[in-house]
Amino acid sequence: MNKEQSFQENNNPEDQDMMNDIQAEDNNVAEETVENADSTTTFAAEEVVSRAELERVQAHADDQTQRLLRAQADFDNFRRRTQKEKEELAKYASAQLITELIPVIDNFERAMATKPENPELESFSKGVDMIFRQLSDVLKNTGLTPMEAVGQPFNPEFHQAVMQVESDEYEEGIVVEELQKGYVLKDKVIRPAMVKVSG
């Protein structure tokens, strides 16, 4: 016989009700404890899942932010490069035409260097001279300037040496004579000067 049965036999019905109440209360406490343990476990599991999910979302957000920053930097570089190319194109748009006109200038200068001795051709010579000055002014307004080479130190960026000569007038490495004029368009060499250099 167990304790509960001996208690039931020895005690009255009121005691029995009290005993049942205590046992029911113990069962409720046990059930609540199990429920609390289950909910704590569930909450902890949800918290672990939530943390893992949060870390995954944060990593994805960081990755997207880095991609956005890279795309923005690429776009800024593209915009600057395009702007620079446009400026270069506008600055030197006439370079090809001017390069083709330089031999015409050379021929004008050669023609004007040979002055006709016939007085009847003097007015023709003045007309050619006026046309040349007009052409020179137009080209000067576009940024074309002739180089001053004679007396300057030889610079391979601006001069093309075709001969080296002895000179008492200049020291070594100085341009003595200009055989063909050089030209600069704004800050770019269009044609280097063909020169003789003292040796």
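## An aromatic pair, a buried serine and a pocket

The structure, which is a predicted model, holds one aromatic pair. Its partners are Phe 108 and Phe 132, whose rings stand 5.8 Å apart from centre to centre, with 45 degrees between their planes, and the arrangement is classed as tilted. Because Phe 108 belongs to helix α3 (residues 95-113) and Phe 132 to helix α4 (residues 122-141), the pair ties together parts that are 24 residues apart in sequence. Both Phe 108 and Phe 132 are buried.

### The chain as a whole

The chain contains four helices and six strands, and read along the sequence these elements follow the pattern α-α-α-α-β-β-β-β-β-β. Of the 199 residues in the chain, 16% are buried. When contacts between residues at least 6 apart in sequence are considered, 60% of them join residues at least 24 apart.

### The largest pocket

Phe 132 also appears in the lining of the largest pocket, a pocket with a volume of about 150 Å³. Besides Phe 132, the residues that line this pocket are Ile 105, Glu 109, Ser 136, Leu 139, Lys 140, Leu 144, Thr 145, Pro 146, Lys 181 and Tyr 183. Helix α4 gives the largest share of the lining, with four residues, while α3, α4 and β1 (144-146) each supply at least two residues. The make-up of the lining by class is set out in the table below.

| Class of lining residue, largest pocket | Number of residues |
|---|---|
| Nonpolar | six residues |
| Polar | two residues |
| Charged | three residues |

### Ser 198 and its surroundings

Another site that can be followed in the model is Ser 198, which is placed in strand β6 (residues 193-198). Is Ser 198 buried or exposed? Its relative accessibility is 2%, and since buried means under 20%, Ser 198 counts as buried. The side chain of Ser 198 reaches the backbone oxygen of Glu 171 at a distance of 2.3 Å. Glu 171 is also listed among the residues that Ser 198 touches, when residues up to four places away in sequence are not counted. The other residues on that list are Gln 164, Val 165, Ser 167, Tyr 170, Glu 172, Gly 173, Ile 174 and Val 176.

Definitions and conventions:
Residues are numbered from 1 along each chain as its sequence is written. This is a predicted model: local features need pLDDT of at least 70, side-chain atom pairs count only at pLDDT 80 or more; totals for chains, interfaces and linings use all residues. Side-chain values use heavy atoms; hydrogens and water are left out. Rings of Phe, Tyr and Trp (its six-membered ring) pair if their centres lie within 6.5 Å; planes under 30 degrees apart count as stacked, over 60 as edge-to-face and the rest as tilted. Buried means under 20% relative accessible area, exposed over 50%, partly exposed in between (1.4 Å probe, protein chains only). A polar contact is a pair of N or O atoms within 3.5 Å; within protein, one must be able to donate a hydrogen and the other to accept it, and residues adjacent in sequence count only if both atoms are side-chain atoms. Contact means heavy atoms within 4.5 Å. On a 1 Å grid over the protein atoms alone, a cavity is a set of points where a 1.4 Å probe fits but cannot get out, and a pocket is an open set with protein on both sides within 12 Å along at least five of seven lines; lining residues have an atom within 4 Å of a point. Grid points are joined across faces, edges and corners, and a volume is the space filled by probe spheres set on the points. Ala, Val, Leu, Ile, Met, Phe, Trp, Tyr, Cys and Pro count as nonpolar, Asp, Glu, Lys and Arg as charged, and the others, Gly among them, as polar.
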